[in-house]
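Reader: I should like to learn how the protein surface beside a DNA strand is read from a model of this kind. Please take the general idea before each case.

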Number of protein chains: 2
Amino acid sequence: MVAPSLRARVRAGMIDEIKAVARRHLATDGANLSLRAVARDMGMVSSAIYRYFPSRDDLLTALILDAYEALGDAVEAADAGTDRTDLRGRWHAACRAARAWALAHPAEYALLYGSPVPGYAAPDDTVAPAQRPPVTLVGILRDGVAAGRLDPSGEELPEPLRSDVAELAALLAVEVPPALLARGMSGWTQLFGLISFELFGRINRTLPHRDEYFDHQTGLMADLIGLPAA
Amino acid sequence: MVAPSLRARVRAGMIDEIKAVARRHLATDGANLSLRAVARDMGMVSSAIYRYFPSRDDLLTALILDAYEALGDAVEAADAGTDRTDLRGRWHAACRAARAWALAHPAEYALLYGSPVPGYAAPDDTVAPAQRPPVTLVGILRDGVAAGRLDPSGEELPEPLRSDVAELAALLAVEVPPALLARGMSGWTQLFGLISFELFGRINRTLPHRDEYFDHQTGLMADLIGLPAA
DNA sequence: CGTTCGTCAAGAGCAGTGCTCTCGGTTTTG
DNA sequence: CAAAACCGAGAGCACTGCTCTTGACGAACG
């Protein structure tokens, strides 16, 4: 590993600074990010930005990738920081971490899980980081099955569906019976809905104790999955 | 009711035509709707549109209102078209209707439930139509309680939460015990997540039999709620 | 019936956008 | 040391939402 040239170092610094300024603009102006505005903030001319990002969409893609990684880090860290045998505690910790990150970075969350930008198509690089939160969640189920604390043997999915979900399990690289994975996906789906409603919607305006509501809702899904308490 | 003048009639026709053309553009170009483009399609000049809508946001608001009503109509009709005593059938019918409408009008669904447009704030006129789908869903629970087929008397919510949810029940004008309403909201939240994942996401790319997956997922929530089959 | 008032489409124009290209100047590389 | 790569600035194109003014048309009133 040869030391990077000075030019490469300032280039990396510029890229970081552009992304930081763009993130700041994202927080205030939403998804319609203006290249000219971030260039202005940096005392540059808009065309100079194109030396670092070939287009506005590429800048957005970089921000999206960073956001996916940040969210994945937060969720995985919360899960890893909980007693491995406390399945229900791990579920709650992971869900809370996702919500906390979303509340702290609403614009970036909207970038990840909001309506897709019309002309924009997410490149394939994003699919792996995007799967980290749900993989973490179903990882809790896998550990539960492996430890014998989660036994869905009494349930079997009807056939067109069973093989689909089994394929999904293979894709996510988790060994979980299809019927249980389907319940886990339901929990992940509801978690995404919960956070989105709280961030975008206005029905939660009538629920002052949001933390308690969130914990209760995710607890309901833990019940559905059958996660035992510690 | 006096007959509207000719001028008022052609004006109403123009408004309808503008909305129709805008909806068409919405379907292809997404949320960044161009006033000039719809004006071009109508053989008009962009400034002429402002005779009918004071701004682009007002056009979007009109489209959003129409979309909320259309979705509400679809869900309510599906529920009303099912045997009133078949609670589980009504739940599935309402969920399927919401999904079918969303799949048929993805751009409008994104307008309603996607990330909010940055500078745009939904006016208060939208909150009542927006509540129609969840109200329809919890209406099924209310009927179940009234008919004695749904009995959540064994469950009680802890206190900061119980009064919040009770207030929500009053706001939605449905007489449902808080603990049951919380389960119903969980189902509504998961339904929204299901549809959004299918429309926006790419994880369902790996689930070819989407209808079966959807029915199974909504069935899981019907289980959580305790909806009995017919 | 004729006049006045409200409404309408059109056009010019402003400020802003993403993006391309060219032009000098600097840095790295062979 | 020269060649090649890189960089920032500037001009310019096509596009956007929106405002203002102008001239024409239809409807209501005297």
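Author: We begin with the surface near DNA strand C, where a residue is near a strand if one of its heavy atoms lies within 4 Å of it. Helices here are DSSP runs of H or I with at least four residues, and strands are E runs of at least two, numbered from the N terminus. H1, helix H2 (35-41) and helix H3 (46-49) of chain A, together with H1 and H3 of chain B, each supply at least two residues of that surface. The model is predicted, so local features need pLDDT of at least 70 and side-chain atom pairs count only at pLDDT 80 or more, whereas totals for chains, interfaces and linings use all residues. Residues are numbered from 1 along each chain as its sequence is written, chains are lettered from A and ligands numbered from 1 in the order in which they are written, and side-chain values use heavy atoms, with hydrogens and water left out.

Reader: How many residues surround DNA strand C, and which are the closest?

Author: There are 24, and the closest are Leu35(A), Arg36(A), Arg56(A), Arg11(B) and Arg51(B). By class, the surface near DNA strand C holds 9 nonpolar, 6 polar and 9 charged residues. Here Ala, Val, Leu, Ile, Met, Phe, Trp, Tyr, Cys and Pro count as nonpolar, Asp, Glu, Lys and Arg as charged, and the others, Gly among them, as polar.

Reader: Which atom of DNA strand C does the side chain of Ser47(B) approach?

Author: A polar contact is a pair of N or O atoms within 3.5 Å; within protein, one must be able to donate a hydrogen and the other to accept it, and residues adjacent in sequence count only if both atoms are side-chain atoms. An N or O atom in the side chain of Ser47(B) is 2.9 Å from a base oxygen of DNA strand C. Phosphate oxygens of this strand are also approached: a polar side-chain atom of Ser34(A) lies 2.8 Å from one, and a backbone N or O atom of Arg56(A) lies 2.7 Å from one.

Reader: What surrounds DNA strand D?

Author: DNA strand D is surrounded by 22 residues, the closest being Ser47(A), Arg51(A), Leu35(B), Arg36(B) and Arg56(B). A backbone N or O atom of Arg56(B) is 2.7 Å from a phosphate oxygen of DNA strand D, and a polar side-chain atom of Arg11(A) is 2.9 Å from a phosphate oxygen of that strand.
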